[in-house]
Amino acid sequence: MGSLKQNLANNILSDGKFDATDLSGTVPASNVNNDSLTNITTFSPSLGDTIKSVASDPSPATEGDFWYNTTEGALKGYVQIKAWSSGGNMGTARYGLGFLGTQTAALGAGGYIFPGGNQNITEEYSGYTWSAGGNLGTTRRALGGAGTQTAGLVFGGFSTTNSNATEEYDGSAWTAGGSLNSARSYMAGCGTQTVTLGFGPSATEEYDGSAWTSSNALNTTRSQLGGAGIQTAAVGFGGFLPGASSDTEEYDGTSWTAVNNLNTARWALAGAGTQTSALGFGGVTPALTGATEEYDGTNWSTSSASLATARRNPGGAGSRSAALAFGGLTTTQLAVTEEYFSDIANYSASSQSAWASGGNMNTGRARFGAAGAKDSAIAAGGYTVPGNTANTETYDGSSWTETGNLPTAKNSFPLIGSQTAAIACGGYVPPSYTTASDIFNGSTWTSAPTMNTGRESAAGSTASPYNAVVVFGGYDGAPPHFEGHTEEYNGTSWSEQNNMPTALSQTMGGGTQTAAISSGGGPPITNITQLYDGTNWTTSPATLVSNQQWGGYAGTQTANLIFGGSSGPASNQTGVTQEFNGTAWATLPSLGTARYAVGGSGQGTTASASAFGGLVPSPFTGLQNTEEWTVGAPASPTGAAASTITTS
């Protein structure tokens with residue numbers, strides 16, 4: 001914060017104005033919010049010579065205006081903030097889908113999955129999470145879209161050949177509409193369900209709610225272009241010629257006119273907004289790009305914020321100042337969603353519940369033991385591609401530090417307790433499932449009494465102390481392999497307890513020895529929730545919103561958080577986050593990086609947790625990155641007053 005204060009003071013222009021570039025070299029744009037722009041108290045001596053003193057806030061005021069309000073005793077100004085931030089991951093990763101809607105009510109339909117092929121699935125975005133909608137009647141990819149989440153339209157695309165099919169969406173189901181005159185794919189679309197424009201590669205057509213009418217084609221034939229606007233005032237930009245195009249054309253309801261080009265020529269990009277206020281993002285240059293450009297009806301300007309994940313063929317929705325990017329393709333199809341904000345009226349992203357990046361682990365790994373609190377976590381053992389490790393690291397909220405190794409390298413075991421007093425329970429030491437347990441004192445490991453049943457992929461309680469824990473579920477070498485066994489440790493010995501009603505491996509845990517929780521797991525992958533009272537297990541009527549296994553977990557029996565893991569086979573890694581309040585499960589914003597066999601820390605609350613490590617299958621990689629979960633009240637734009645800088 002000191003750096004922001006100093007640079008902001010030093011960079012105020014001599015005319016009493018500053019702009020977004022004056023924040024460069026201070027804090028990342030994605031972290032700049034209303035909280036970051038308050039309590040500024042240190043300014044250069046010449047400030048009083050350049051800032052006007054006024055008794056009341058000037059009206060109108062624009063970006064870069066700066067003044068001192070003598071009545072309030074406050075220095076104020078307007079700041080333009082531009083940033084992409086993480087949204088909830090899609091349920092199904094894919095690219096080349098039809099897209100439409102707004103940032104808080106978007107829709108993605110169809111698309112392509114390798115090696116699964118074309119899709120007919122539909123997903124709806126609430127502003128936080130994606131949920132399943134009605135399936136398309138015609139399975140396809142590379143289709144155009146227009147309209148809203150409750151009155152949507154998709155058209156064209158590719159199934160086994162180019163398609164002329166049109167379908168209308170009422171918020172729950174698709175019905176057939178009038179067919180395009182020219183079957184084609186990789187076209188752009190804009191407008192409403194009943195007043196639609198579809199254009200590219202070589203034809204333009206207008207839809208009236210029942211039939212399509214041909215109009216004048218683009219001056220430059222190109223596919224995979226971005227588009228925005230309405231039927232009588234549209235803009236098309238970029239595309240494939242062959243080769244990347246920067247061409248921009250505007251449509252007036254009759255014909256297309258060439259206007260100023262994009263700054264970055266590209267194809268396979270997405271667009272949002274209107275003809276006089278458009279946004280283009282992502283694509284291929286021929287390298288993948290996350291570059292974002294804003295159009296004001298005359299010129300394109302490159303935004304200071306780029307997509308965190310450069311990609312091609314994403315979905316897009318919303319406006320120039322509040323857009324959404326979802327799905328797409330890198331070396332694999334994506335489920336990642338990002339939200340764009342560019343507004344002088346501040347939107348404080350820090351007030352949302354969200355995952356944010358933390359410090360990287362020293363050793364990328366998965367299937368390891370994880371314990372502790374959000375800012376005092378521990379990771380031990382695991383699988384490092386291609387073998388087991390005994391490595392142990394501790395986290396202080398910003399960085400990871402190497403410490404004493406486990407006595408034996410192993411993977412797939414629960415680690416329970418705190419950073420200075422934890423126990424590692426069982427696990428897999430090829431070729432057997434070990435009964436060994438080991439205790440960590442903050443620097444070194446010592447052997448503890450052995451468990452009764454050797455197993456891997458079990459779960460356990462999360463609460464300290466390490467000498468009052470429970471371990472349950474898992475997989476062992478004897479048929480039927482999948483364990484319902486429950487064991488408790490009292491600091492001296494392990495004792496068998498009553499079995500789980502449903503034997504599971506790769507389940508998620510949490511809670512205490514007398515109030516534990518098991519959620520999800522497999523096989524087959526499940527949404528079951530089971531609760532332990534220190535003696536018996538019961539199956540809860542509350543089930544997960546979506547099936548999940550191999551995820552991280554944190555919290556208690558009545559305030560439980562699970563995140564990441566798999567939504568099916570290991571190749572279906574997920575970033576899904578779900579929360580249990582003791583009565584029901586709800587979906588929360590997803591991890592920024594979808595992964596399975598991830599570690600988690602967090603005790604006593606779902607408001608504070610960390611996720612770290614894990615695996616992605618393509619290419620098969622043990623991850624190092626850490627994400628931290630923080631809960632906040634829902635955020636919303638609050639107008640110019642929220643954008644002021646004050647000395648209070």
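Trainee: How many aromatic pairs does the structure hold?

Mentor: The structure holds 27 aromatic pairs. One of them joins Phe-440 and Trp-445, with 4.9 Å from centre to centre and 40° between the planes. This is a predicted model, in which local features need pLDDT of at least 70 and side-chain atom pairs count only at pLDDT 80 or more, while totals for chains, interfaces and linings use all residues. Residues are numbered from 1 along each chain as its sequence is written, and side-chain values use heavy atoms, leaving out hydrogens and water.

Trainee: Why is the pair of Phe-440 and Trp-445 called tilted?

Mentor: Rings of Phe, Tyr and Trp (its six-membered ring) pair if their centres lie within 6.5 Å; planes under 30 degrees apart count as stacked, over 60 as edge-to-face and the rest as tilted. The 4.9 Å is within the limit and 40° is neither under 30 nor over 60, so this pair is tilted. Ring pairs also link Phe-368, Tyr-395, Trp-400 and Phe-612 into a cluster.

Trainee: What makes Phe-440 and Trp-445 buried or exposed?

Mentor: Buried means under 20% relative accessible area, exposed over 50%, and partly exposed in between (1.4 Å probe, protein chains only). Phe-440 has 1% and Trp-445 has 10%, so both count as buried.

Trainee: How do you know that Arg-367 lies over the face of Tyr-383?

Mentor: A charge sits over a ring if NZ of Lys or CZ of Arg is within 6 Å of the ring centre and within 35 degrees of the ring normal. Arg-367 is at 5.5 Å from the ring centre of Tyr-383, which is within the distance limit.

Trainee: Which strands pair with β57, and why is β57 called largely enclosed?

Mentor: Strands here are DSSP runs (E, at least two residues) numbered from the N terminus, as are helices (H or I, at least four). Two strands pair if DSSP finds at least two bridges between them. β30 (residues 354–357) meets β57 over four antiparallel bridges, and β54 (residues 608–612) does so over five, so both pass. Ala-356 has Glu-628 as its bridge partner, and Ala-609 stands opposite Trp-629. Four of the five residues of β57 (residues 626–630) are buried, so the rest of the structure largely encloses this strand.

Trainee: What makes β35 and β40 edge strands?

Mentor: The open sheet has four strands in the order β35-β36-β39-β40, with antiparallel pairing. Its edge strands, β35 (415–417) and β40 (445–448), each pair on one side only. Further in, β36 (residues 422–425) and β39 (residues 437–440) are joined by four bridges, with Ile-423 opposite Ile-439.

Trainee: How many disulfides does a search of the whole structure find?

Mentor: A disulfide is a pair of cysteine sulfur atoms within 2.5 Å, and the search finds zero. Cys-190, at 5% relative accessibility, counts as buried, and so does Cys-425 at 2%.

Trainee: What makes Tyr-186 and Trp-550 worth a look?

Mentor: Most residues other than glycine have a negative phi, and most peptide bonds are trans. Tyr-186 has a positive phi of about 55°, and Trp-550 has one of about 60°. At 25% relative accessibility Tyr-186 counts as partly exposed, whereas Trp-550 is buried at 18%.

Trainee: Which peptide bonds are cis?

Mentor: Among them are the bond from Phe-114 to Pro-115, with omega near 10°, and the one from Pro-523 to Pro-524, with omega near -15°.
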